Amino acid sequence: MTIGGIFLFLSTQLAEGVNLHIRQTTQFKTVSFSIKFRAPLDQKMAAERAVLSNVLQHSNGKFKKSAEFRSYLDDLFGTVLYFDASKKGSEHTLLLNVETVNDQYLQKNKVFNEVLDLINTAIFEPNFENGTFVPSIVEREKEMVIQRIQSIFDDKTRYAQYRLTQILRPNHPASISANGTLETVKEITPESLTKTYQSMINEDRVDIYVVGDIDVEAVQKKLTEALPFKDRTPKQITKDTNESKPEKEYTKEQQDMKQGKLHIGFSTPVRFGDEDYAKMQIFNGIFGGYAHSKLFMNVREKESLAYYASSSYHSQYGLVYVVSGIEPSNEKKATDVIKEQLEAMKNGEITELELTQTKAMLVNQLKETLDLARGQIEIYDQYKDLGETFSVDTWKERWNNVTKEDVQKMASQIELEAIYFLCGKEA
């Protein structure tokens with residue numbers, strides 16, 4: 001239901017610590033499910049859960065081989081089902097996403113109930129051998145996660161960002177990967193993974209989302225049967241405190257490469273959910289978030305110092321990252337021009353056009369996200385803890401109310417904390 005830009009999910013509790021959120025809408029011809037298992041984030045648990053998501057993805061008690069599983073999904077009119085691991089703030093999420101055609105659009109066959117059975121199988125009937133996960137499957141999926149972690153080292157932009165977060169916030173949720181580390185993945189055994197699975201099923205906080213043109217009461221009843229979660233008292237997820245400080249203010253590293261990667265980390269006291277959150281979103285948009293931003297227009301277009309230059313605001317951690325690809329010889333000039341853009345904003349050099357364009361981009365981005373069922377789930381999941389009903393109109397108004405002085409104030413609170421430069425050996 002959408003009333004005045006308000007996206008309504010009807011929420012009910014299936015068990016203590018387990019909540020179901022359903023959005024009935026005629027917007028889509030599919031029904032989308034997202035089941036999110038949440039636990040506190042740490043390196044060891046992230047590794048275990050990343051491997052667990054892979055193991056659950058490829059086989060279960062009914063379909064022992066990945067090919068059988070895929071074939072059965074194809075028979076269900078191309079139903080998509082996948083597990084994944086992610087993080088948000090101090091929380092690790094293992095999620096199951098499923099998308100299937102709505103029965104209304106099938107003349108003869110009905111797949112909804114079969115899909116619910118499959119979700120039950122995928123979650124509650126793992127592929128066990130003598131009470132634990134199959135050792136050969138665990139080893140194979142550990143290898144896949146190891147390759148995923150190692151792929152960062154081949155992608156110089158991702159590697160530079162990884163190194164910056166390690167330097168900027170050591171031993172902090174911001175620098176913990178949702179996949180863990182190579183060492184923590186290698187330590188996983190079938191027994192440890194089985195314990196992690198049982199902990200996830202019995203102890204995690206669980207949010208179940210459904211979006212589609214469905215009978216809410218009927219789906220509620222069916223899901224209560226298909227997902228027999230027991231009451232639990234989820235572990236408390238503590239908000240991170242910003243006590244972690246950078247190891248160094250400036251770090252230069254060299255590898256075999258031609259282009260230089262200049263990544264800079266800034267901090268802001270403004271976090272997601274704070275009163276000034278909307279103002280910080282506008283600040284980031286003008287600073288480096290879009291193609292009309294100061295970084296793009298000055299570092300890349302005007303001065304031709306970078307192949308790309310942009311900023312991103314990580315509101316869970318109160319961090320702003322600037323990433324740019326430059327010729328190594330331009331390092332000092334590029335750093336200076338990036339700093340100059342922030343100084344200009346601190347001095348109030350913000351045009352009405354920059355403000356207007358940024359506000360329009362934020363509204364358009366939000367609307368585009370909400371055009372997808374998955375987007376509606378993610379937005380609602382993110383904003384539901386703010387204790388207000390989410391609506392496009394509310395956020396549009398918040399952004400529209402942001403003034404040049406507000407953005408200037410946000411800029412004045414930004415502090416440069418660490419610079420990381422990755423370049424070739426000859427530089």
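Which residue forms a salt bridge with Glu388, and how far apart are the closest N and O atoms? I began my entries with this point. The model I consulted is a predicted one.

**Entry 1: the pair at Glu388**

I found that Glu388 forms a salt bridge with Arg398, and that the closest N and O atoms are 2.9 Å apart. I then located the partners along the chain: Glu388 sits in the loop between helix 13 (373-383) and helix 14 (392-400), while Arg398 belongs to helix 14, ten residues apart. I looked up the accessibility of each. Glu388 counts as partly exposed, at 32% relative accessibility. Arg398 is also partly exposed, with a relative accessible area of 31%.

**Entry 2: other salt bridges**

I searched the whole structure and recorded 28 salt bridges. One of them joins Glu203 and Lys235, with 2.9 Å between the closest N and O atoms. This pair links distant parts of the chain, for Glu203 lies in helix 7 (residues 190-203) and Lys235 in the loop between helix 8 (216-226) and strand 11 (250-255), 32 residues apart. Glu203 is partly exposed, its relative accessible area being 36%.

I next noted Asp276, which forms a salt bridge with Lys279; their closest N and O atoms are 3.1 Å apart. Asp276 has a relative accessible area of 16% and is therefore buried, the cut-off being under 20%.

I also recorded a network of salt bridges that links Arg38, Glu91, Arg205, Asp207, Asp381, Lys384 and Asp385.

**Entry 3: the second largest pocket**

I looked up the second largest pocket and noted about 520 Å³ of space in it. Its lining consists of 22 residues, and those nearest its centre are Glu91, Ile237, Lys239, Gln316 and Asp385. Glu91 and Asp385 are also members of the salt-bridge network noted above. By class, I recorded eleven charged, seven polar and four nonpolar residues in the lining.

**Entry 4: the nonpolar cores**

I turned to the largest nonpolar core, which has 57 residues. The members that touch the most others are Phe33, Ile35, Phe37, Leu81, Ile119, Ile123 and Val210. Helix 3 (residues 112-124) supplies the largest share of this core, with seven residues. Apart from this core lies another, of 47 residues, including Ala278, Met280, Phe287 and Ala306.

I examined the surroundings of Phe37 in particular. Leaving aside residues up to four places away in sequence, Phe37 touches Arg49, His92, Thr93, Leu94, Ile123, Met200, Ile201, Asp204, Arg205, Val206 and Phe229. Among these contacts, Arg205 appears again in the network of salt bridges.

Conventions
Residues numbered from 1 in each chain as written. Predicted model: local features only at pLDDT ≥ 70, side-chain atom pairs only at ≥ 80, totals over all residues. Heavy atoms only, no water. Core = buried A, V, L, I, M, F, W, Y, C linked by side-chain atoms within 4.5 Å. Buried < 20%, exposed > 50% of the residue type's maximum accessible area, 1.4 Å probe, protein only. Helix = DSSP H or I, 4+ residues; strand = E, 2+ residues; numbered from the N terminus. Contact = heavy atoms within 4.5 Å. 1 Å grid on protein atoms, 1.4 Å probe; cavity = no way out; pocket = protein on both sides within 12 Å on 5 of 7 lines; lining within 4 Å. Points joined across faces, edges and corners; volume = space filled by probe spheres on them. Nonpolar A, V, L, I, M, F, W, Y, C, P; charged D, E, K, R; others polar. Salt bridge = Lys/Arg side-chain N within 4 Å of Asp/Glu carboxyl O.
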